[in-house]
Every structure is written in C-alpha cells, then in structure tokens.
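Hi,

Here's the structure I said I'd pass along. Have a look at it first, and my notes on what turned up are underneath.

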Amino acid sequence: MIKIKKGLLIIVPIVILGVASVLLIKSTTQSSSAAEDGFGGLRSLVTAHWDDGANTLVNVRDPATEPPTYITFNNYTPQANWYSGKGITQIWEQFHMNRFLWYSITEDTPAEQRNENIDYSLMYENNIERPNLDYAHLVKKQKGLWQNLKWGSSDPDKGPFVSNYNGDGSGTTTITNTTKLSEYFGKNLEWRYLGYSGDMGIAVESPYFPADYPSDDWDPKERDWWNYPWLDIDGHTKKTEAGGYDVVITPDSTDDEKAIFEQKVQWIIKFLFPNNPELRRPNMDLWSDAADWAKKLSLQGGSPEYSSTVFVGWHGSGFYKTFVTLPPPRNNLRVTEYKVTDKTTGKVVGLMTADTNDNDNIARNWKINNQEVSAGDTLIITAKVKNMDQRPKFEGRATRYTPIRMMQMAAFDDDSLILGKWSTPVTEDVIPSTQISKIEVGQTVTFDKTKDDSTAKTMQWEFKVPSTVKEQFVLGAEVSHGFKVYNDNIYTGDDDGRLRFKIKQEDIGLVCSSIELVNQMGQVTEDVVPGMSYDVRVKVKKTQGSKVVGDPNDYYNPYAAVSASFDDGASVYVDHEKASATESLKKEGDTAVITIKNAITPVVPTINAKINIHWFNASPDFGNQSSDRTNDSCTKVWKSKNNLSVSNFKILPTSAIGPSSTINENLDFSFTVTNSNPENQTKNVKIEIRDRNGNVILSKYENIPANEPFPISWSKDNVPLSASANGTANPFVVEVNPPPREIIESSPDMPNPYVDNIANNSVMAYSTNTNAKPCLTVNTKNTWTETHYMHERHGYEERWWHNTEDSGHWHSYCVTTSDRSWSETHSYYEEYKITNVMFRSKLTKDTLGGDGWVDILANPSQAKVKAGYGFEIYYVVKYNTNYYRNSPKGWSSGLCSYLNVNREYTARTTAPTTMYVKMPFTDNYGNNVTYTLSPTSQTGSWDSLVQRFEMPLHNAFNLENTRSVFVNESASDGIYTMVINTYPYFYGSPYKPSQSTYLCDQKTFSIIVLGSDSDDIKSHVIS
C-alpha cells in the first residue's frame, strides 16, 4: 500500500489499455482525503472494481490493461454518504450516446432499466447549489437541482454559442422522476452532470449541457485565457482546485513535476485536440501549442485513456468553458436485426434494423411495428448480433464472454406501457443456430433457437400469443449483460430489439376494390351508358376475429349487410337502405358478395356510389361485428370516356427543296383518330388541318369507328412553304372536333378532354443556293426492306333505338364477320443518276450522219468539235423508285370493313430540279465558270421521272439566241474536261431507314477540240 500525503509527488508505474507508461501524480487538496488505494494507485475519490458486481472475488477484466467494470465511492466522501441513503453503491461504466464514457449511477442494461434507476436527479453533483440563477435555458430559476437542469441540449462538437442550442425538448436524458419532477415526466431535458471519471471519481459535465452564459460565435484561439486558473496569479483569483495533473513549470521544477506536465501535454495532443480541433493554433508547433494549453486548462479528472474527462479554462472577466474528451474506441456488439414472423402465413409482422457498417450511427429503424396478430398465434423470432467492425480506427477483438446467448422477455397490455415492467421473466436462453464460443470482429451471428438448460433441449425460438392478452404486447430481446461486463460490448444503447403488437379485434369490412358495375346483360363493365339500368356488387370480408358473422336464429348476429346511395351527378339520386348477404362469414378472410339490384339508371355517363356497412351490423349495441370503422365505407365513380383524340400525325415529305424562298409542295398527311365511347357508336367527326398562320388548308368530315385507332390519310397539292438556305420549319396542326365543338367530350383520365384533340408536325423547306456544290458522296441508289403489318376486318352496321323521356334516338355499332392480321415483307429501291450526256457538233453530223446526237458517256471519243465551230450538249437525269407502286395499300368500305396497313407508303418524293456544270474555261478571277441549270423538260410520273437539263440560252455574236457552246478559231488541238453533278442534298424516299448519305451523281467527261494546226480551227474554247 502506498501512502500519499498532501503535497507529496508519487511516481506510479502502471499499464493503461495495454500501453506501458509512467503516471506522475501530484496530490491535491481534493484528492488528499481520498482512499489510499485508488485506481492504479492514483489518489482518488473512488475505488475501482474489475469484477461482475456479484462475485467480487473474481475479476472479469484485466486491471493492468482494461478499465474497471464499476467504481464505488470511498466511505469518507460526501458522495458515499449521499448514495448510501438512496441504495446506490455500484457506479457502472456507461458509454453515453455511443460517444462519451464515464461511470453512472443509472442502469445501463436496457432490460433492467426502470424509471427509478435511470433518474439523474439522484446524482449528488446535480443537487449542489451554484452561485447564480441567470443561467441560460434553466427549467426553473431556483437554487439547487434546478440550477443543473436545462430545457434542451447543445452540440458537443461546437462552442458555447447562442446558435449552438438544439432547442427545447432536445435533451439526451428523459425525466423519469415522478415526485419532485413529475410535471416534466417523459420530457427530454439535459442534466449538468451524467457521470464520473473512472479513475478519480470527478463529476464530468455533460458535453451536451448548454453553456450557462452563451455568447455569439467566437474562436477560442482569440480569447485571453487565464494561466493556471487553479492558482491566485496574474491578478486573477483561483477558480478551481488543482487536478492531479495541474502543475506549474518553473526553472526550479523537479523532474517529477516536469513528467506530470509532459503527461498532460501528451493527453492534450492525443485526446483534446482531435475532439476539439478549434483549439489548435496553426502558427505554433504541436508540442508548444499543447504545452501552452496545459497551463491554461485544468484537467478535472484522471486519465482520458479510461473515460471521458474534462478540461476547463477561464477567460476574460471570469467566463469558463469546458472541453470534454472522447475515450479510445472499444469493442461493441449491436442487434442489427430483430424479426418476428407469423408461423402460419410466413408473413413478417415485426422488423427492427440497425446500421451494420457504421458503428457511430446508433439510429434504429422500426420497419414493421405495431402490427396486428391474434391471440393464439405462434410467432417465430430471430435476431442478428454483430461484433461491429471499426477498422481501421480500431482493430477490435473477438468476444470473451460465454455462453453466446441473448435474453428474451415480454410485456402484456398495461405492463407494456411501463418501462422495465416485464410480464414474463427475463431469461438468458436464446442461442445461435450454430454453436460458437466467440464472435469475431465483423461477424454477424443469427439467434433463432432457445435452450432449456435443465433438459438441454433446444427448439425453434417461438412465442405463442397468450389468450389473456387483450389489446397489445411487446416482445424484447437483448445481448446478454455478460458481454458488457467482460469488456466485449461498450455501448448498450444498441443491444436490444423491441417490437410492439396489437391484438386483432372482431371486424367485418368492405372490400372497396371488389365493387363492380353490372349491366342489363349481367356483364361486369366499367362503361356507363345513359338510359341503361345497373346493378352494383360489393364484397364484405371478415377481416378480424374468429366469431361467425350471420346466424339466422340470432337477432343480434345478422348476415353482413350494407346501405348505399347512387347518383349520376346530374338529376338522378337513388338511396338503398339495406342489402344483405345470404351466407355466413365463418373465419377470418371469408368474403360474401352483396348485390344491390337496380342500383341506378343514369341519364349521363357517370355513376357515383357510396356504400357503407349497415349501421345495425356496426353498432356495439346490436351486431357489434365491426370494431374497425376505417373499412366500413367505400366510394367509387364510374365515368365513361366520350372522347376524340388524334395521334401519329405525320407529313411527307418531311422536307422540300426549291430554288426560291417560297416553295409549292405536294404534301401527304397521315394521322390516327380514336373515337372512345361506351355506346360503341361510330361518329361523323369534323377534322381540319391548319398551316403556320392558322389558315385551314384541309377540312373534312370522317366517319370514325368506335373504340379503336382509325388511320386517315389526306393529300394536298401545291402547299406553299417558306424556305431558306439553312432550312425553315413550316408547322401544321391537325385538330379533330375543332371549335365550335359539335361533339361534347368527357374523360375520367384528364380534366380537359379536348387536350388530346390536337397534334403537331412540321415540314422543313430549303432554298437551293445558286453557287455550285459538288456531291458530298457519289451515291446513286438505295435499297431496303420493310415488314408491313396488315389488319383486315369485314362486318356490317347494326342499329338500335334508345327511348328517352322526350322521344329517342338511334345508336349504331359494328358487327364483325371476319377479322385477320398478317405481315408482309417487301423489298424497295430508289435510283437517282445521270444516265446520258448528249453531244452534237458539225463534226458529228458530218461523220455520224443523222441528227448528229451522240451519248458521250457511252462514246467519249465522239465528243469532237472543230475550232471556230460550236457544239450543243444536254444532260439526262432519271429518278426511279418502286416504294410507292409495290407497297401494300389500305382500303375501307363503309364503316365496318377495312384494311389497315402499318406502315403504309403514301407520300411522294419530289426529285431536285438543279444541276451544276463546271466548264473548262475560267472567269476573270481564274475560277472555272460553273452553270446552275434547271430542267428544260420532265417526263414520266414522279416515281419514274426523266429530266432534261440544257445549257442556258445566250446571244451569240449578236445574231441569235442559242444554247450552243462555241470554240475560238485560234484554238489548238486539246482535250477539255467538264464536270457535272446533281443537287448534293437530295435525301430521297422518307420511308427508308435513316441514313446520312444523300443521293447525288457526278460525271466527268472531255471535249476534244481539233485545232487550227490541223484544220481551220483557231484558238481556245469559249462560250
């Protein structure tokens, strides 16, 4: 035993959490009266214990490497006297909010917690009077206990600022005192003190406790902190007693005092700075910064290696601030899943989960809770427990406590509303499915069996709901307390699983989804036809309980029945007082169908239904068959669609090309119209197409069959389009049933039934540029295939008369006699090319005879002309395609017979009317002269088109207008090259698969000049 006297310096070698070190302890006024044998030999108010609290002769933790399981206050201390009168002796280790470690008077095992043993008002230090009553956020401004209780918490990671208050009711402790604090019972408030340091027994101020005098946000590095606040020095009075590590270093200090100071500096570096980074001054080196703070802050407690401890300092005119350290990380077990399943149905009726990866996240998620089960049900229970992996922050270790078990317990009815009051014994009999002796770091163990130690019998973990439970009960499971005692599990706040259940009551209810409308033919329908009478059917289900519903011999047990009312939103309202089932509901889940005959005959296509369980069945004084009124009422609306819509609006060609800013183009319009109505009636509908200026360019009436998409194709010639070099969009609108509406529409799917009456599309128009443009790529032919889908229907029209109050009117619908669908695959091509270059000169007339014309693409050697003479030339371009003439076409005959083709080729393709000719002579700038030609004639249909392009007319020698090209008399022998090409941006058919290559052809040929050196020809070729 080491004797420690006041003022004496003692050197005590100890091992802290497995790290060898030397603690240099300077006794203080506070510790001089402590027991001689403190924790690790330290002067202390408490005695440390490493046993399990029951068998005090056997340690369950290693005193050399682990913190104690609990502490007790030494007999001479005021705390010991205080607690002895309250029956509190053992102060157990507690990891508050999974962050701060101290030793608390409150119960830490969740299963054992009760209002009386988690009452922080019993803590000695929370009852000590303080100087003032003007502290911020006090619950009451009264001396003693009330000076240490505040309305809410603050964030421990921030400063003592006004903005740091979390708000009233945000405390981390719940008031459970039912006497002095009864008016605050159940509220979440914050106490000044929650525990003690493990080695010295010094009260640790809660890091969540708001500052007494909060200020605006400030930086602690900028405050004028007092040096040595445990001394009268520098004109400041002593503010606190010196802690065990509070020393003053002077040139005369001993080695022991220097060692004590160094230990405090190292703890500031290791614990204070990481937890309070705002203290670190970047302009100072680490050791110097810590050493300066060691002079300014008093360490109120013992080693931060064991538990959270407090550094406190004073600044300015005497304001103080405490800084609390976090302890080193420790092993932790967590219930990551607690699940309850109905044995009969296999349905999960209870589920609580917790974070399996982040040990700092203590939130739990009750995914399925407060579910209803029946008395007598057997429930299967499983729980998963994980040894949380905190690497790399903390390596951790496998558990030591055995056996590997969980506790289970249950609370019924009123007991379930009282903390810690269990209706069954708390038993430690739940075991894993596979027997193990430890839980490794990161390992999750599933507990799903129970073991009877008296018989060694194991069985599935089950719970049968007792018949004595009337309204509700709670099932609980918890990690065994032994894991905490053996230092396997530091935080107990995530050790338990709790699920609450409600007992099912007797109830019948309406199955709202079962409500059906039945027409006069006995068919279930969603369509409402004015003038037709309807029945309504609804199912009633026994949703809870086991009592038979419906006994013809028992007045107070009637068959399930409903009352109902119906209206059409216009002029018809019908009330049905009662309609009954004709069979009993014998068990939960049974249903009976109730039919309400002749429910309503609407005059508009709408029916609104309101159906209720009959009052007699629901009344507790009569049938008492419906305890849950939430399923006693249903409403349903049937609103038929009387709607016209248009879609798939397409315009072909999609683009047009012309030589001016306005182009007249033949356009093909196709679109699909749908006529939805419950009468299945064909309607004659007005349709119009408008251009970009709102002008109607087409307007027709079409007979649209009912309730199926109906394709329509129209054509319009010479539609003016605005064009530009970069392309101009020309929008068009198709509208069915345009204003003023001739047909009134309605739809349950949309508030505005006319919003789908319009469709839009546009045609791009390009004006050709007079500047010559070569082919981007020479491409003269495209080929492709397409599969067309055909739907052919034959039928006839049936008409029927509908009587009304005034007179009546005819309805019609189609009767189908045959209907078939098939597909056909067709191959298509299009070709656009220069087929001929026709040449004629005097020489060809003289040598070839006839009219002298020769195709110099086929006979290039014949392109001869003598100098001083002229030649004529023209070019033949052909566009040919089979996509229109070879594709299948739809037809219609009357209202009920037609052939629809998808996709149907209806659009025509307009070939370009531009060609470019590059001549072999140049202009004044040295550029080859190029002509832009338009066809002088076109023959054939658009899909078998022949175009003839000729040279432009010009006046020759002021004698005549001619298209001939003349050669100078002085021209010598030579071969002169010409290049011709078609318009480079001709896309061709709009139906082929999309491609980036245009149709364009280019030819290069030569004119052979016989010059003056060999004949009477003189010089160059000229125009």
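One thing up front: this is a predicted model.

I'll start with a residue in helix H2, namely Asn275. Is Asn275 buried or exposed? Its relative accessibility comes out at 19%, and because the cut-off for buried is under 20%, Asn275 counts as buried. If you skip the neighbours within four places in sequence, Asn275 is in contact with Val324, Thr325 and Leu326.

H2 (255-275) turns up again at helix H3, since it is part of what covers the buried residues of H3. That cover also includes two strands, E14 (298-300) and E15 (310-315). And which residues of H3 (286-296) are the buried ones? They are Asp289, Ala290, Ala291, Asp292, Trp293, Ala294 and Lys296. At the N-terminal end, H3 is capped by Asp285, with a side-chain oxygen 3.2 Å from the backbone nitrogen of Trp287.

Next, the strands. E27 (residues 472-479) is mostly covered, and 8 of its 8 residues are buried. Both faces are covered: one side has Gln472, Val474, Gly476 and Glu478, the other has Phe473, Leu475, Ala477 and Val479, and all of these are buried.

E27 pairs with two strands that I looked at. Strand E22 (residues 406-412) runs antiparallel to E27, and 7 bridges join them. E28 also pairs with E27 in the antiparallel sense, over 7 bridges. Leu475 is a handy place to see both pairings: Ala410 stands opposite Leu475 on one hand, and in E28 the bridge partner of Leu475 is Leu499.

E28 leads on to the second largest pocket, which may be the part you'll want to open. Its volume is about 1200 Å³. The lining is made up of 39 residues, and those nearest the centre are Pro110, Gln113, Arg364, Leu419 and Asp496. Strands E5 (91-96), E10 (173-174), E19 (364-368) and E28 (496-503) are the elements that give two or more residues to this lining. Which of them gives the most? That's E28, with 4 residues. As for chemistry, the lining of the second largest pocket divides into 16 nonpolar, 15 polar and 8 charged residues.

That's what I have for now. Shout if you'd like to go through any of it together.

Cheers

Key:
Residues are numbered from 1 along each chain as its sequence is written. This is a predicted model: local features need pLDDT of at least 70, side-chain atom pairs count only at pLDDT 80 or more; totals for chains, interfaces and linings use all residues. Side-chain values use heavy atoms; hydrogens and water are left out. Buried means under 20% relative accessible area, exposed over 50%, partly exposed in between (1.4 Å probe, protein chains only). Contact means heavy atoms within 4.5 Å. A polar contact is a pair of N or O atoms within 3.5 Å; within protein, one must be able to donate a hydrogen and the other to accept it, and residues adjacent in sequence count only if both atoms are side-chain atoms. On a 1 Å grid over the protein atoms alone, a cavity is a set of points where a 1.4 Å probe fits but cannot get out, and a pocket is an open set with protein on both sides within 12 Å along at least five of seven lines; lining residues have an atom within 4 Å of a point. Grid points are joined across faces, edges and corners, and a volume is the space filled by probe spheres set on the points. Ala, Val, Leu, Ile, Met, Phe, Trp, Tyr, Cys and Pro count as nonpolar, Asp, Glu, Lys and Arg as charged, and the others, Gly among them, as polar. Two strands pair if DSSP finds at least two bridges between them.
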